[in-house]
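User: I would like a close look at one part of this model, namely the enclosed empty space inside it and what surrounds that space. Please take me through it carefully, and add whatever you can say about buried positions elsewhere.

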Amino acid sequence: MADEQPIVGRETELAELSALAASPDGRALLLRGEAGVGKSVLLDAAAARSLALGHRVVRAAGVGAESELPFAGLHQLLHPLLPQAAGLDRVTRTAFDTVFGRTTGEAPSVMTLGVAVLDLFALVSGDSPLLVVVDDAHWFDAQSAEVGRFIARRLSAHAVSMAVGVRADLPSAWDAAGLPELTVPALDPRAAARLLDAHAPDLSTAARHQVLEQARGNPLALLELPRALREGTAHGAGPGELPLSRRLEQLYGDRIRTLAAAERTELLRAALDGTGAAPSPAERARHRLRAVDGALAAGLLTVDTATGDPVFRHPLVRSALLQSATPNERRAAHAELARLHHADIERHAVHLAAATVDPDEAVATVLERAARSATARGAAASAVALLTRAAELSPAAGPRSRRLGDAAYVAAQSALLDQAQQLREASDRLAGAHRSPTAVITSAYASLYRDGDVRSAHRRVAAALGSLPPDGDPETRTRLLNLLLAISLFATDPALWTVTDALVDEVPGTSYTALYRDAFGDLARRGTGARERVQDAFARLGEEQPWDVMRLGVAAYYLDALGDQRPLVRRVADREADSGAVTNAMTLLQLVMLDQINSGDWDAAERTGLRGLDLTAVHGYALFAQQYHGFLGLVAARRGDLEAATAALNRLDRWARPRGVGHLTQLAEAIGTTAHLTAGDFEGAYSYASGLATPGTFTPYSQQALRTLLDLVESAVHTGRAAQARAHAVAARDQGLPAISPYLGFLTAAALAMTEDDTRAGAAFERAVAHPAGAEYPFELARVRLAQGMWLRRARERAAARTVLAQAAEAFDRLGAAPWARRARAELRAAGAAAAHGADGPAAALTAQERQIAELAASGLSNKKIGARLSLSPRTVGAHLYRVFPKLGISSRASLRDALAGNSAEAG
C-alpha cells in the first residue's frame with residue numbers, strides 16, 4: 001500500500017504467500033508477529049503478486065477507533081464489492097443492507113451473513129480469483145471477526161484466498177479461528193544487517209551497532225531508529241526498558257511534536273476516525289486528511305499508490321498520536337467527528353460521548369438510542385458499554401441508576417452475570433437502596449440459570465413486585481414479571497403459580513406479559529385464543545430485541561405456532577450466540593432443537609443440543625445444560641438407545657428434584673415414558689405417564705401433562721386400562737385442547753381413535769391420520785398409523801392393514817426409530833405380508849405370532865407380561881419360545897435380539 005521497500009530476509013514467508021496468491025483453490029492463512037515485524041509489507045507483497053496474475057484483491061485493516069462499532073470491519077472489507085451484490089438474491093442483499101444500516105429490520109445471524117459474504121465472493125471470483133487481505137485484524141470489531149472466521153474456514157469450494165495479519169502480543173477473536181498460521185519472526189542477524197545497510201549506509205560503526213542491538217531484528221525499528229539517532233531522539237534500551245513497540249511510539253511522538261498545531265489536529269481526527277487504514281466506504285462519511293505535507297515529510301504518513309490518499313505509515317503512528325494528544329485535544333476531535341457522523345447513530349453516539357465531560361442528559365439519551373440500535377443488530381455486549389456511558393453522563397441520580405440497571409439487565413441477557421452484578425450494585429448505591437428491583441433481577445437470574453434455585457428466586461422477585469409503588473417504573477415491573485414467569489415455568493408449582501397469576505392480573509391487559517402467563521402456565525385452562533395472540537404479537541414485532549423474540553418463541557412453541565417463525569428464531573439464535581444476548585440464544589437454540597425433534601430431523605437436533613451444551617459450559621449455566629441433556633435423552637428414547645435415555649433421565653432427576661425444578665423432573669418422566677414405549681414395556685410407560693397426569697385430568701401448570709397425552713392413552717390401551725384411556729381422551733376433547741393448538745388437536749384426535757369402540761374406530765382413525773398437524777409430527781403420526789394398522793388387522797381388514805403398517809414402518813425407518821420399525825414389521829407379517837427374501841435370515845422361518853413373541857421376549861419382557869399383552873397364557877408363550885429357539889439356531893433367551901437382527905453368532 002505504501003512506498004515500496006526492498007523485502008529482505010523473508011524468502012520463506014514470500015514463497016508461502018506467493019503460493020497462496022497463485023493458488024486456484026480457496027484457503028486462508030493467518031500471519032502472526034510482533035508490531036513492526038513486517039506483516040503489512042508481506043501482505044502488500046501478496047496483494048501485488050495476486051494483481052500481477054490478473055486476480056482481484058480486496059483489502060481491509062482493523063482500526064482501534066472502530067473496534068467497538070459492530071460490523072465496521074466487514075463494511076470496510078466489502079464496500080468495493082457491494083455494487084455487485086445486485087446480482088445476488090433478495091435475501092442475501094437484505095442481509096447486507098440490514099447490518100450496514102441501509103435498511104431497518106431483523107439482523108441476520110453470523111451464519112446467514114457469512115453465507116451471504118461467501119455468495120458475494122463466489123460471484124466476484126467468477127471471472128478471476130479473489131484475494132482477501134485483512135491487516136491488523138486484531139482490531140476488527142467482534143461481529144466482523146466472527147463473520148471473518150466463519151468465511152475463512154469455508155473457502156475451499158471457492159476461487160477465493162484470504163490472508164489475515166494479527167499482532168502476536170495482542171489477543172483477538174482470530175486466535176481461536178483454527179486457521180493455518182505463518183509466524184513472522186524477527187529477522188536473523190545477517191538479514192537485519194543487510195536491511196539496515198540498504199537504508200542507512202552512512203551510519204557510523206558505533207551507531208550501526210547501537211541500532212542493530214536495539215532493533216533486535218525488527219524491520220520497522222531498523223528503518224526508524226537511524227533517523228531518530230540523526231535527530232537525537234533515540235531512546236536507549238536498558239534495564240526495565242519499554243517494549244520495542246512503545247519505544248517506536250515514542251519515536252513517532254517526537255516527530256509529531258515538531259508539527260504545526262493545525263496539522264497535529266488534522267492527524268488526530270484521522271486517527272480517531274480510522275482514516276488511513278484502508279479505503280473508506282463511499283456512502284460512509286470519513287474524515288479526509290488535508291494539508292499534511294509536514295507529516296509526509298516526517299515519515300508519519302505515506303501515499304496509497306492505489307488511491308493517492310495519505311495514509312498512516314504504521315498503526316504505531318496512530319497510537320502515538322493518541323498518546324501525545326491532551327485530553328482537551330482528543331475531546332475537540334471527537335466533537336468534530338460526532339458532527340461528521342450525525343447520520344450514523346452508533347458512531348455519532350460514541351464520538352459524542354467521548355467529547356463530553358460533564359453530565360448531559362441529551363448525550364445520555366443519544367447513547368440509549370445507540371444501545372438499542374446495537375442490540376437490534378446483534379451486538380448486545382456493545383450495548384452494555386453504551387448504556388454504562390449513558391449512566392455516567394446522566395445528571396440526576398434517578399436516570400443514572402435506571403441506566404445502570406438497564407445495562408445490568410442487558411449484561412445478564414448476554415451471559416455477563418458478573419458484570420451485571422457490578423452494574424446492579426452501582427445502580428443500588430445511586431438509588432440508596434439496599435435491595436433494588438434491579439438487584440433482585442440480577443441475583444434471581446444468577447440463581448435460576450446457574451443453580452436452578454426456583455424457590456428463593458420466586459420469593460425474592462415476588463417480594464420486589466409487591467413492594468413496587470403503583471406509579472413505579474413500568475419497564476422494571478415488566479422485567480420482574482417476565483422473570484417471575486420464567487421461574488414459575490421451571491417450578492411448575494401450583495402454589496407459586498397462584499402468586500404469579502395474581503401479580504400478572506394487576507398489569508394492564510395490553511402487555512405481552514399476560515400472553516406469556518397464559519402460554520407458560522396453565523395452558524389447558526388459559527390457552528384458548530393464545531395462539532392467535534402470539535401470532536399477532538410476532539406480526540407486530542418491529543425492531544426486535546432478542547429477549548422479545550425468545551419469550552414469544554417459547555410461547556409459540558407451546559402453542560404450536562413456531563412453524564411460521566422458524567427462520568426468525570434460528571437467525572436470532574445464531575446471531576446472539578456469538579457476541580450478543582447469549583442467555584437468550586441458549587433458549588432459542590432449545591426451541592430450534594425441539595422443532596428439529598418434532599419434525600423428525602433427529603441428527604440435526606443432536607448437533608444443536610451439543611452446540612447448546614458447549615455454550616452452557618462456557619457460561620456455567622447449569623439449568624440450561626440439564627435441559628439440553630434432557631432433550632438429547634428424549635431423542636435417544638425415540639431412537640431406542642435406552643441406555644443413553646436412562647442415563648439422561650437419571651441425571652436430570654437427580655439434579656432437578658432436590659431443587660424443586662418441576663419442569664425438568666417432568667421432562668425426565670417424559671423421557672421415561674418414551675423409552676418404555678419404545679422398548680414395548682407399556683406397563684412401565686404407563687407408570688411414568690400417569691405420574692404426569694392422572695387419567696381423565698390434566699395437571700395444572702404442567703406442559704408435559706399435555707404433550708404426553710398420546711403416551712398415556714397408548715400405554716393405558718396396551719395394558720388393558722381401556723376405561724382410563726377413554727376417560728383421558730374424552731377429557732382432552734372436553735377440556736378444549738383442540739382449540740388451543742393444532743398439535744393438541746392432532747393428539748386428541750389420535751387418542752379418541754385409539755379408544756373408540758370398534759363400530760366407530762375406523763372413521764376416527766381416518767380423521768386422526770388426516771389431521772393437518774399430523775404431517776408436522778412424523779413420529780407421532782407413524783405411531784397413530786401403527787395403532788390404526790393393528791386395529792385393522794384385528795378387524796380382519798388385512799389388505800388395508802398392510803398398507804397402513806407399511807407406511808408406519810417406512811416412516812420409522814426414515815426417522816431412525818429402529819424398535820418402532822421392527823414392531824411395525826412384526827404387525828405387517830401378522831397381517832399377512834411376506835418377509836423380504838433373505839432379509840431376516842433364520843428369523844424368516846418364524847410364524848407371525850412366533851416373531852411377535854420373540855421380539856417381546858428380546859425386549860426383556862417376561863412370559864407373564866408377554867401373555868398379558870397378547871392374551872395368551874404364560875405356558876403358551878413358553879411353548880412358542882421352545883419352537884423359536886431351534887428355528888433361530890440359538891439356545892438361550894439372551895441371544896434373541898441378535899438372532900432376530902440376523903447376526904447371531906450361535907445361528908452362524
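Analyst: In this predicted model, helix 29, which spans residues 582-599, gives the most to the lining of the largest cavity, contributing 8 residues. That lining consists of 42 residues in total, and the ones that lie nearest the centre of the cavity are Tyr557, Tyr558, Leu594, Phe631 and His663. Sorted by class, the residues lining the largest cavity comprise 23 nonpolar, 13 polar and 6 charged ones. As for the space itself, the volume of the largest cavity comes to about 670 Å³, and a search of the whole structure returns 6 cavities of 30 Å³ or more. In general, empty space left between atoms is revealed by rolling over them a probe the size of a water molecule.

Turning to buried positions elsewhere, helix 4, made up of residues 90-99, has Thr92, Ala95, Phe96, Thr98 and Val99 as its buried residues. These residues lie on the same side of helix 4, because the arc they cover around the axis is only 165°. As a general matter, an α-helix has 3.6 residues a turn, so residues three or four places apart point the same way.

A further buried position is Glu13, which is found in helix 1, residues 11-22. Glu13 counts as buried because its relative accessibility is 7%, where the cut-off for buried is under 20%. Leaving aside residues up to four places away in sequence, Glu13 touches Leu42, Leu182, Thr183 and Pro185.

Definitions and conventions: Residues are numbered from 1 along each chain as its sequence is written. This is a predicted model: local features need pLDDT of at least 70, side-chain atom pairs count only at pLDDT 80 or more; totals for chains, interfaces and linings use all residues. Side-chain values use heavy atoms; hydrogens and water are left out. Buried means under 20% relative accessible area, exposed over 50%, partly exposed in between (1.4 Å probe, protein chains only). Helices (H or I, at least four residues) and strands (E, at least two) are DSSP runs, numbered from the N terminus. The arc is that of the directions from the helix axis to the C-beta atoms. On a 1 Å grid over the protein atoms alone, a cavity is a set of points where a 1.4 Å probe fits but cannot get out, and a pocket is an open set with protein on both sides within 12 Å along at least five of seven lines; lining residues have an atom within 4 Å of a point. Grid points are joined across faces, edges and corners, and a volume is the space filled by probe spheres set on the points. Ala, Val, Leu, Ile, Met, Phe, Trp, Tyr, Cys and Pro count as nonpolar, Asp, Glu, Lys and Arg as charged, and the others, Gly among them, as polar. Contact means heavy atoms within 4.5 Å.
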